[in-house]
Each structure stands twice: as C-alpha cells, then as structure tokens.
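Student: I would like to go through the labels attached to this model and ask what stands behind each one.
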Amino acid sequence: MTFDYDPTNIFARILRGEIPNRTVFENDHALAFEDINPQAPVHVLVIPKGPYMSLDHFAAEASAEEQAGFMAAVAEVCRITNVGEGFRAIANTRTHGRQEVPHYHLHILGGAQLGAMLPPG
Ligand code: AMP
C-alpha cells in the first residue's frame, strides 16, 4: 500500500507551531499533548514528528531512530501521567478505524477504570 500524507492536517499544524497545544512531553522524534476532548482523566496523544499518516505507515517506513524515539515518548507519558494501574493505547486507522486526523497518533487513555474496548456504535 502507498501512504499519502496530507501536510495540512491539524497535527502537522501543531508540529509547525501554528496551533497551540498542551504539551506533556517532547523529544527529537515525538510530541505528546493532551487531547482537546478527553475521554478519560488521562487522555494524551503521542505523535511522531515525521510525516506519517497512520500506525502502519509509521511501522513500515519510519527509521529505527524515529521508532525508538516514539516509544521512548510513550514510556515517558506513562510515567508522567502515573497510569501504573493500567491504561489503553489506541491507534484509530483510516476509514474502518474512524481516524479523524490523518497524522499517526497513539491515544493513551487511563486514570480510571475504562469501559469495554469496543462499545456498540
Ligand atoms: P482520531 O483521529 O479519531 O483517532 O482522533 C483524533 C483526536 O484528536 C480526537 O480525540 C480529538 O479530540 C483530538 N484533537 C483534535 N484536534 C485537537 C487539538 N487541536 N488538540 C488536541 N487534540 C485534538
């Protein structure tokens, strides 16, 4: 599959500093910030700084350094947000996954008991 990245998406604009965000953590390869419409007490989005539209795009084409930097950011977010009792990581992908923003982002949700993984609807 070929992956077409749209650089006008809102997370690309956040990365360019055109839109503010509530940063939780940042390193050379990833930015983590609070979701604007939180679905749990902890709801952080971790995004790569490179132009990847989805998890499978990132997994297929990001360098080892980018992938390591991204996962290091995930570890820092889990530490900073204190989700030791558990959390859920979600990567909604394209149409079937109901992805709204076409820049890969991993939702980190926690801070309370979560509901079913796939509620009706
Ligand atoms: P999805 O693409 O369906 O995985 O979800 C996109 C997520 O981005 C939603 O949870 C939105 O609330 C969130 N979101 C959209 N715009 C912003 C923004 N400017 N800052 C933070 N989160 C955002």
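The turns below take the ligand site and then some single residues.

Tutor: This is a predicted model, where local features need pLDDT of at least 70 and side-chain atom pairs count only at pLDDT 80 or more, while totals for chains, interfaces and linings use all residues. Residues are numbered from 1 along each chain as its sequence is written, and side-chain values use heavy atoms, with hydrogens and water left out.

Student: What makes the pair formed by asparagine 92 and the ligand a polar contact?

Tutor: A polar contact is a pair of N or O atoms within 3.5 Å; within protein, one must be able to donate a hydrogen and the other to accept it, and residues adjacent in sequence count only if both atoms are side-chain atoms. A polar side-chain atom of asparagine 92 lies 2.9 Å from a ligand oxygen atom, so the pair meets the distance limit. Backbone atoms take part too: a polar one of arginine 98 is 3.0 Å from an oxygen atom of the ligand, and an N or O of glutamate 100 is 2.7 Å from a ligand oxygen. The protein covers 86% of the 500 Å² of accessible area that the ligand has on its own.

Student: Which elements, as helices (DSSP runs of H or I, at least four residues) or strands (E, at least two), supply at least two residues each to the shell around the ligand?

Tutor: They are α1 (10-15) and β2 (30-34). The most comes from α1, with three residues.

Student: Why is isoleucine 14 called buried?

Tutor: Buried means under 20% relative accessible area, exposed over 50%, and partly exposed in between, with a 1.4 Å probe and protein chains only. Isoleucine 14 has 10% relative accessibility, so this residue counts as buried. Its place is in helix α1.

Student: Is serine 54 buried or exposed?

Tutor: The value for serine 54 is 1%, therefore serine 54 is buried. Serine 54 is found in the loop between β3 (42-48) and α2 (55-61), and its side chain joins that of arginine 94 in a polar contact of 3.4 Å.

Student: Why does arginine 94 count as partly exposed?

Tutor: Because its relative accessibility is 28%, arginine 94 counts as partly exposed. Arginine 94 sits in the loop between β4 and β5 (106-110). Its phi is near 50°, a positive value in a residue other than glycine.

Student: What makes asparagine 82 exposed?

Tutor: Asparagine 82 has 67% relative accessibility, so the label is exposed. Asparagine 82 lies in the loop between α3 (64-81) and β4 (87-90), with a positive phi near 65°.

Definitions and conventions:
Areas by Shrake-Rupley, 256 points an atom, 1.4 Å probe, with all protein chains shown as cover.
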